[in-house]
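Trainee: Could you walk me through how to read the features of a model like this one? I'd like the general idea each time, then the case at hand.

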Amino acid sequence: MDLDTIKNARPTPLSIYEMLESRFGFQGWWPGRSNLEILVGAMLTQQTSWRNADKALRNLRKAGSLNLNAIANSNLRELGALIKPSGYYRQKAVRLKAVCNYIRDRHSTLRRFLHVDADALRAELLSMRGIGEETADSIILYAADKPAFVIDAYTKRVIRRVFGIKEDLGYKQLQNYFQGGLAENVGLYKDFHAQIVELGKRYCMAKPVCVGCPLFKACRYGKSR
Ligand code: SF4
């Protein structure tokens, strides 16, 4: 099976969500205490776990540096030291500072930036160094409260296994699969992503634990074992 044929195949995106939600319950986590934290966290968690990104966020918070102007005006060495737990800290410091400068110079405030229409916001985010599709959509969904289904490594792994797909899955194709099968609903997209993260942490790891997995009955990989 390939990605084009799963559009009409079972399980549908909605039935996957229902199976996960009925097991895990509504997750209700949003990654950050403020929109700036969500944006900064989305950049810091690249190539590392959320735990490490959170340590870096805590350092920024403690230093009183979690605001747009503080990061835009920061000394790169000091900023790098604060975000060191997130790894690749020199590169991340340069990119974070550049993004904050861009937002401040073009839009004055983060609030105005996030107010931009979703397609334009995505295009602006993707034009910045260090922001790829997953990071852009995380910011659009969780900080701007606009509908963009986030595709991460967990999502790709789960869908490949559920449908028995061997090939790598393209970001946009996979996003179309989810968005095409769901009502355009920000709360649903947020919770669905959280459900997939929970599944990836508890069952669908690199070495999956299929027995007891909420998707077991619908999963080709699980049933083949
Ligand atoms: S049944 Fe196994 S492979 Fe399928 S989604 Fe669950 S943990 Fe992953």
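Trainee: Let's start with Y88. Where is Y88 found?

Mentor: Elements here are DSSP runs numbered from the N terminus, with helices (H or I) of at least four residues and strands (E) of at least two. Y88 is found in the loop between α5 (76-82) and α6. Phi of Y88 is near 45°, a positive value in a residue other than glycine.

Trainee: What is phi of Q47 near, and where does Q47 lie?

Mentor: Phi of Q47 is near 60°, again positive and again in a residue other than glycine. Q47 lies in the loop between α2 and α3.

Trainee: Before we go on, what should I know about the model itself?

Mentor: This is a predicted model, where local features need pLDDT of at least 70, side-chain atom pairs count only at pLDDT 80 or more, and totals for chains, interfaces and linings use all residues. Residues are numbered from 1 along each chain as its sequence is written, and side-chain values use heavy atoms, with hydrogens and water left out.

Trainee: Fine. Is Q47 buried or exposed?

Mentor: The cut-offs come from relative accessible area: buried is under 20%, exposed is over 50%, and partly exposed is in between (1.4 Å probe, protein chains only). Q47 has a relative accessible area of 60%, so Q47 is exposed. A63, in the loop between α3 and α4 (68-72), is partly exposed because its value is 45%.

Trainee: And helix α12, say F192 and Y189: buried or exposed?

Mentor: F192 is found in helix α12 and counts as buried because its relative accessibility is 0%. Y189 is found in helix α12 too, and with a relative accessible area of 2% Y189 is buried.

Trainee: How do I read separation along the chain against separation in space?

Mentor: Put the two numbers side by side. F192 and G28 are 164 residues apart in sequence and 10.0 Å apart in space, C-alpha to C-alpha. For A63 and F178, 115 residues apart along the chain, the C-alpha atoms are separated by 40 Å. Y189 and G222 are 33 residues apart along the chain, with 25 Å between their C-alpha atoms.

Trainee: Now the empty space. What separates a cavity from a pocket?

Mentor: Both are found on a 1 Å grid over the protein atoms alone: a cavity is a set of points where a 1.4 Å probe fits but cannot get out, while a pocket is an open set with protein on both sides within 12 Å along at least five of seven lines, and lining residues have an atom within 4 Å of a point. Grid points are joined across faces, edges and corners, and a volume is the space filled by probe spheres set on the points. This structure holds 2 cavities of 30 Å³ or more. The largest cavity has about 100 Å³ of space. Of the 15 residues that line the largest cavity, C204, P208, C210, C213 and C219 are the closest to its centre. Helix α10 gives the most to that lining, with 3 residues.

Trainee: How does that lining divide by class?

Mentor: Ala, Val, Leu, Ile, Met, Phe, Trp, Tyr, Cys and Pro count as nonpolar, Asp, Glu, Lys and Arg as charged, and the others, Gly among them, as polar. The lining of the largest cavity has 13 nonpolar, 1 polar and 1 charged residues.

Trainee: Where does the ligand sit?

Mentor: A molecule sits in a cavity or pocket if more than half of its atoms lie within 2 Å of its grid points. By that test, the ligand sits in the largest cavity. For a residue to be near a molecule, one of its heavy atoms must lie within 4 Å of it. Residues around the ligand include R161, Y203, C204 and C210. That shell divides into 9 nonpolar, 1 polar and 1 charged.

Trainee: What about the second largest cavity?

Mentor: About 40 Å³ of space lies there. M43, Q46, Q91, K92, R95 and G130 line the second largest cavity, and by class they are 1 nonpolar, 3 polar and 2 charged.

Trainee: And why does the largest pocket lie between the two domains?

Mentor: Domain bounds come from an automatic or database domain assignment. Domain 1 (5-28 + 150-223) and domain 2 (35-143) both give residues to the lining of the largest pocket, so it lies between them. About 720 Å³ of space lies in the largest pocket. Its lining has 27 residues, with T45, W50, E134, D152 and H193 nearest its centre.
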